[in-house]
Amino acid sequence: MAVDQQALNAAIEESAAGDAEFAAILRERLSKNDASAVAFVGGFMRNRDYTAKTQALASDKQKYDQQLSAYQ
């Protein structure tokens, strides 16, 4: 299965957090193994989705708590 190169590059850049040497190592290793690249991007996307959902849930709870306080 081929990996989306744009998603792979975005995942590498964010994972490396500005460390150019680490980003280069990730690019080299992941370019040689498509299965590893797919797993890396998949894990990265799952983590991103989990974080977004958790933040949305926290925001909804905060709004609910504010509405409850206003009602009381």
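Four salt bridges are counted in this predicted model, and the tour below visits three of them before turning to a nonpolar patch on the surface.

**First stop: helix α1 to helix α2**

Select Glu 13 and Arg 27, and display the side chains as sticks; the two residues form a salt bridge in which the closest N and O atoms are 2.2 Å apart. This pair links distant parts of the chain, since Glu 13 belongs to helix α1, residues 5-16, while Arg 27 belongs to helix α2, residues 20-32, and the partners are 14 residues apart. If you then colour by accessibility, Glu 13 comes out as partly exposed, at 42% relative accessibility, and Arg 27 is likewise partly exposed, with a relative accessible area of 32%.

**Second stop: helix α3 to helix α1**

Next, select Arg 48 together with Glu 14, where a salt bridge has its closest N and O atoms 2.8 Å apart. Because Arg 48 lies in helix α3, residues 34-71, and Glu 14 lies in helix α1, the pair ties together parts that are 34 residues apart in sequence. Arg 48 has a relative accessible area of 36% and is therefore partly exposed, and Glu 14, at 48% relative accessibility, is also placed in the partly exposed class, for which the upper limit is 50%.

**Third stop: within helix α2**

Move now to helix α2 and select Glu 28 and Lys 32, which both lie in this helix, four residues apart, or about one turn of the helix. Their side chains form a salt bridge, with the closest N and O atoms 3.2 Å apart. The two ends of this bridge fall into separate accessibility classes: Glu 28 is partly exposed at 43% relative accessibility, whereas Lys 32, with a relative accessible area of 65%, is exposed.

**Last stop: a nonpolar patch**

Finally, leave the charged pairs, switch to a surface representation, and select Tyr 64, Leu 68 and Tyr 71, which together make a nonpolar surface patch of about 390 Å². To place the patch against the secondary structure, centre the view on Leu 68, which is found in helix α3, the helix that also carries Arg 48 from the second stop. Leu 68 is partly exposed, with a relative accessible area of 33%, and this residue can therefore be included in the patch, for which over 30% relative accessible area is required.

How values were computed. Residues numbered from 1 in each chain as written. Predicted model: local features only at pLDDT ≥ 70, side-chain atom pairs only at ≥ 80, totals over all residues. Heavy atoms only, no water. Helix = DSSP H or I, 4+ residues; strand = E, 2+ residues; numbered from the N terminus. Buried < 20%, exposed > 50% of the residue type's maximum accessible area, 1.4 Å probe, protein only. Patch = residues over 30% accessible without salt bridge, like charges linked within 9 Å, V, L, I, M, F, W, Y side chains within 5 Å. Areas by Shrake-Rupley, 256 points an atom, 1.4 Å probe, with all protein chains shown as cover.
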